[in-house]
Structures are given as C-alpha cells and as structure tokens.
Amino acid sequence: MIKTAIEAAKEAGRFLKQNIGKVRDIQRKDGQEKNLVTEIDKRSEEIIIGIIKQHYPAHDILAEESGLKSSSASEYRWIIDPLDGTTNFTHALPVFCVSIGVERKGKIIAGVIYDPNFDELFTAEKGNGALLNGKRMKVSRTESLNTSLLVTGFPYNITENPDHAVEHFYNFLMRAQAVRRMGSAAIDMAYVAAGRYDGFWEVALNPWDMAAGTLLIEEAGGTLTDFSGNPLSVYHKQIVASNGKIQKEMLEVLHSTRIK
Ligand code: IPD
Ligand code: CA
Ligand code: CA
C-alpha cells in the first residue's frame, strides 16, 4: 500500500507543480468566502483515486473533494487531500502538497506527504519509522516552549474566531521563540516529524489534512493529542502535535484561552 500511496502522491504532485499559476476556475466551497476549490484540486483527486483503484478496487476512499466512497465493509480506508494549500496554490505561492493516509480498522497504518516544489517525500508505515526521501526522520530535541519554533493554521471561518483561535495564537506568540503560518497543515505536520518545527496546533482540521501527518509524527517519535491532552482522532478536528518534550507546555497555553 505504501508503494501505491507514493505512486499516487508523486503523480498528483507533479501535476500540481505543472499547473501552478494556471488555475482557471476558482470556486467557494459550501458558501464560505475563504474556502476555495479549483479544477486542479479535483483533477489531482481523480489522478490519485484512479491509481488507488487500479491496485485496491475494493478499498474505501475518503477524499476531500468527492467525499466518502463507501463501497463495502472494507477494513481499509484511503484518506486523501489532493491539494493541501489551495489558497497558496491560487496565488502561485509554492507551498502546497499532496497527503494520503491509509486507515485500517480505525488506525492509520501508512502515510505519505509529497511536496513537489522541494521534491520532498515524507513516508511512514506503522511500526517501521518515518522517512524523508528514504532517510530516517526524528522529531526535534528542543526541551522548552520558549526556545521552540511553532507552526499553526487558521480555519476558513476564522472571522468567527472558533475555539478562541486568535487568543491561542496570541498566547503562543508570547511564549514561544517564534510562530509560523505556512498555509498547509500537511506540510506543517511533515515538518514537525522532520524536526524542523518543535510543535503544531490547529483548532479545526479535517481527516484528510491530518491522516498521513499523524503517522509521520508518531513514527518520528512525537506526541499527538487533542487540546485536552486526550489521544488524537483524525475525525475530531483539534490537534496538538510536538516533539513530546513541549507537549505539556503547549497544552497549558491552550488552556489559558484569555489573552495574557
Ligand atoms: C487547509 C490548509 C491550511 C489549514 C486549513 C486547511 P486546504 O487545507 O491545510 O493550512 O489552515 O484549515 O483547510 O483547504 O488547502 O486543503
Ligand atoms: Ca487540506
Ligand atoms: Ca485540499
């Protein structure tokens, strides 16, 4: 399955890279002003699903643009984000990727994130570690929040300030060494796994944003929870992910919702 996921992610990633700056049709999703989808997102998803179906026709698919194709009582579910970073893509900003996770009986067992701009392939199989272009990845060793480089993202309904997202951002800015915002949750998570970022949090993600990234971080030795410190589910929106050493401090900041 990892081979198929890599084949699909690379094929779709190449397609995305070839089409940067060439978007013709930008639509708003579900009536949300900031939530965009393009013909490139949809074509990328078709490429990925086509490759998966050739190899595993009976498996279920949960893909961002076409929803859940639940054929059977398959144990396997492929969770796909065909273009993570659509807003960047529509501005020809080369920060985007493809993310594919494979879930078996509710557990992510394989994950691939491919960034075609840097030609970086992040892969993980449950129990076998995480790799960046074939080399073992490890989370960072940073011990405390005040020397940590963090990353986050904002949901498309940020104007409603869901779950105190703005206050959390402010509080982390005050406590961490620095906070970045790249516009691709999957790249954010891949970079935590690679030790480039020490921690990541976000208030409202979807399973396709997180599936592959969660396994990358787990297999690279990191920690993942929800905002209350409970084990993470990719279906439960909130995520706090780190090298493990700063997880407690990150959770403390998230509990102090007021601006301090
Ligand atoms: C978005 C990106 C962004 C995150 C949003 C996601 P999309 O995914 O991952 O970083 O902040 O919450 O929806 O729409 O570009 O696939
Ligand atoms: Ca996404
Ligand atoms: Ca997407």
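**Exercise 1. Place Asp119 and describe its backbone.**

Task: In which loop does Asp119 lie, and what is the sign of its phi?

Solution.
Step 1. Asp119 sits in the loop between strand 7 and strand 8. Helices (H or I, at least four residues) and strands (E, at least two) are DSSP runs, numbered from the N terminus.
Step 2. Its phi is positive, about 50°, although Asp119 is not a glycine.
Step 3. At 43% relative accessibility, Asp119 counts as partly exposed. Buried means under 20% relative accessible area, exposed over 50%, and partly exposed in between (1.4 Å probe, protein chains only).

The model is predicted: local features need pLDDT of at least 70, side-chain atom pairs count only at pLDDT 80 or more, and totals for chains, interfaces and linings use all residues. Residues are numbered from 1 along each chain as its sequence is written, chains are lettered from A and ligands numbered from 1 in the order in which they are written, and side-chain values use heavy atoms, with hydrogens and water left out.

**Exercise 2. Treat Asn133 in the same way.**

Task: Where is Asn133 found, and what is its relative accessibility?

Solution.
Step 1. Asn133 belongs to the loop between strand 9 and strand 10 (135-136).
Step 2. Its phi is positive at about 45°, and Asn133 is not a glycine.
Step 3. Asn133 counts as partly exposed, at 47% relative accessibility.

**Exercise 3. Work out the calcium sites.**

Task: Which residues coordinate the calcium ion (ligand 3), and which coordinate the calcium ion (ligand 2)?

Solution.
Step 1. Apply the donor rule. Donors are N, O and S atoms within 2.8 Å of the metal (3.2 Å for Na, K and Ca); water is not among the atoms, so sites may look incomplete.
Step 2. For the calcium ion (ligand 3), the donors are Glu64 (OE), Asp81 (OD) and Leu83 (O), at 2.2 to 2.4 Å. Along the chain these donors are spaced E-x16-D-x1-L.
Step 3. Glu64 lies in the loop between strand 3 (60-63) and strand 4 (67-69), and Asp81 in strand 5 (residues 76-84), so the pair ties together parts that are 17 residues apart in sequence.
Step 4. For the calcium ion (ligand 2), the donors are Asp81 (OD), Asp84 (OD) and Asp209 (OD), at 2.1 to 2.2 Å. The spacing here is D-x2-D-x124-D.
Step 5. Asp84 is in strand 5 and Asp209 in helix 6, so this pair ties together parts that are 125 residues apart in sequence.
Step 6. Link the sites. Asp81 coordinates both ions, and the calcium ion (ligand 2) and the calcium ion (ligand 3) are 3.7 Å apart.
Step 7. Check burial. Relative accessible area is 1% for Asp81, which is buried. Asp84 is buried at 6%. Asp209 also counts as buried, at 9% relative accessibility.

**Exercise 4. Locate Ser184.**

Task: Is Ser184 buried or exposed, and what does Ser184 touch?

Solution.
Step 1. Ser184 is in the loop between strand 12 (178-181) and helix 5.
Step 2. Ser184 is buried, with a relative accessible area of 1%.
Step 3. Leaving out residues up to four places away in sequence, Ser184 touches Asp84, Gly85, Val95 and Cys97. Contact means heavy atoms within 4.5 Å.

**Exercise 5. Describe the packing of helix 5 on helix 6.**

Task: At what angle do the axes of helix 5 and helix 6 cross, and which residues make the contact?

Solution.
Step 1. The axes of helix 5 (residues 185-193) and helix 6 (residues 207-219) come within 8 Å and cross at roughly 0°. Axes are lines fitted to C-alpha atoms, for helices over the stretch in contact; angles run from 0 to 180 degrees between N-to-C directions.
Step 2. Helix 5 is therefore roughly parallel to helix 6. Angles under 35 degrees count as roughly parallel, over 145 as roughly antiparallel, 65 to 115 as roughly perpendicular and the rest as oblique.
Step 3. Helix 5 contributes Ala185, Ala186, Met189, Ala190, Val192 and Ala193, while helix 6 contributes Asp209, Met210, Gly213, Thr214, Leu216 and Ile217.
Step 4. Helix 5 is mostly covered, with 9 of its 9 residues buried.
Step 5. Just after helix 5, Gly195 takes a positive phi of about 80°.
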